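User: I'm new to reading protein models. Could you pick one part of this one and take me through it closely?

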Amino acid sequence: MTISNLSDGEGLRLAAADAGLLEGGIRSAGLKVTAPRLAVLRALTDRPHSTADALFGVVRADLPGTSLQAVYGVLASFTSAGLVRKIEPAGSPALFERRVGDNHHHIVCTHCGVVHDVDCAVGHAPCLTPADALGFDVRAAEVIYWGLCAQCQAESALP
Ligand SMILES: [Zn+2]
Ligand SMILES: [Zn+2]
């Protein structure tokens, strides 16, 4: 069911519940709720693995006074509060997502750059046990799998 299938009243109630969830998420990370923080978190909820630039494009539509610098500031505070995860595939600007704390990995297409989540390879975090952890208490492993996505494979197979 999408919002557009609902009557206006139902859609508004859903939007309000959604705003409450977003505010709760910001507060539970120990941060104050501000309009730019709400807007960035909402944009990130709709589009995981976004760059700061892409989020700025969405947020600017809601809050015309927002600057790219402000979006970077919000993302930095979210990342250090653990509300948002930052991933940095080689050759790509940093990407941000709300899915945190589950040590999931990413798979990136070398041709079109599409990014998907990949669950932990096997077992619990870190799912990759180093041959020698050098005495570290290892908590996480970040893996990026690289390859051609299904669509790019299909397109490259065309005559
Ligand atoms: Zn691709
Ligand atoms: Zn992810």
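Analyst: Let's start with a rule: two strands count as a pair if DSSP finds at least two bridges between them. With that in hand, look at strand β3 (residues 105-109) and strand β4 (residues 115-118), which are joined by four bridges. The two strands run antiparallel. To see one of those links for yourself, find histidine 105: its bridge partner in β4 is valine 118. Now follow the chain from β3 to β4, and you'll pass through five residues, which makes the two strands a hairpin. In the turn sits glycine 113, with a positive phi of about 80°.

Where does this hairpin fit in the whole chain? The pattern along the sequence is α-α-α-α-β-β-β-β-β-α, so to speak a roll call of five helices and five strands. Our two strands belong to that run of β's in the pattern. Zooming out further, the chain has 159 residues, and 14% of them count as buried. Take contacts between residues at least 6 apart in sequence: 41% of these join residues at least 24 apart.

One caution, since this is a predicted model. Its average pLDDT is 86, and 85% of the residues score at least 70. Over residues 1-6, though, the pLDDT is below 50, and this stretch has four contacts in the model beyond near neighbours in sequence. Where pLDDT is low, the predicted coordinates should not be read in detail.

Terms used
Residues are numbered from 1 along each chain as its sequence is written. Chains are lettered from A and ligands numbered from 1 in the order in which they are written. This is a predicted model: local features need pLDDT of at least 70, side-chain atom pairs count only at pLDDT 80 or more; totals for chains, interfaces and linings use all residues. pLDDT is the predictor's confidence in each residue, from 0 to 100. Two residues are in contact if their C-beta atoms, placed from the backbone, lie within 7 Å. A residue is buried if 20 or more other C-beta atoms lie within 10 Å of its own, exposed if 12 or fewer, and partly exposed in between; C-beta atoms are placed from the backbone.
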